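Reader: I have a chain in front of me and would like to learn how to read it. Please take me through some features one at a time.

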Amino acid sequence: MRVRRIVLVLVAVVAIAAVGIFVYHRSSQKQAGAQRDQAAQAGRPVPVVVAAVQRRDVPIYLDGLGNVRRSRP
């Protein structure tokens, strides 16, 4: 029984390590690909669009955590 438990623990450790290595390898490939894409696009010209000036309201959204209290006069 004891040998079987040790074998199961070792198999579990190897499986977890294999999954960790796979995830690490895959994420490092994605990062390298993103860096290559950024480097390739660095020399390309950026398109510019011209538009007429307009006067209108600009929405402002504030995201935050906490409470809002209104003071009474």
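Reader: In which helix does V11 lie?

Author: Helices (H or I, at least four residues) and strands (E, at least two) are DSSP runs, numbered from the N terminus. V11 belongs to helix α1, which covers residues 2–42. The model is predicted, so local features need pLDDT of at least 70 and side-chain atom pairs pLDDT 80 or more, while totals for chains, interfaces and linings use all residues. Residues are numbered from 1 along each chain as its sequence is written, and side-chain values use heavy atoms, without hydrogens and water.

Reader: Is V11 buried or exposed?

Author: Buried means under 20% relative accessible area, exposed over 50%, and partly exposed in between, with a 1.4 Å probe and protein chains only. V11 counts as exposed because its relative accessibility is 52%.

Reader: Which residues form a nonpolar patch with V11?

Author: Patches are made of residues with over 30% relative accessible area and no salt bridge (a side-chain nitrogen of Lys or Arg within 4 Å of a carboxyl oxygen of Asp or Glu). Like charges are joined within 9 Å, and nonpolar side chains (Val, Leu, Ile, Met, Phe, Trp, Tyr) within 5 Å. Here V3 and V7 join V11 on the surface, and together the three have about 270 Å² of accessible area. Such areas come from the Shrake-Rupley method with a 1.4 Å probe; for residues, only the protein chains shown count as cover.

Reader: What does the side chain of R56 make a polar contact with?

Author: A polar contact is a pair of N or O atoms within 3.5 Å; within protein, one must be able to donate a hydrogen and the other to accept it, and residues adjacent in sequence count only if both atoms are side-chain atoms. The partner of R56 is the side chain of Q54, at 3.4 Å. R56 sits in the segment after α1 and is exposed, with a relative accessible area of 64%. Its C-alpha atom is 36 Å from that of G43, 13 residues apart along the chain.

Reader: How many helices and strands are in the chain?

Author: The chain has 1 helix and 0 strands. Its radius of gyration, taken over C-alpha atoms, is 28 Å, well over the 11 Å that the globule rule (2.2 Å times the number of residues to the power 0.38) gives for 73 residues, so the chain is more spread out than a compact globule. Buried residues make up 1% of the 73 residues.
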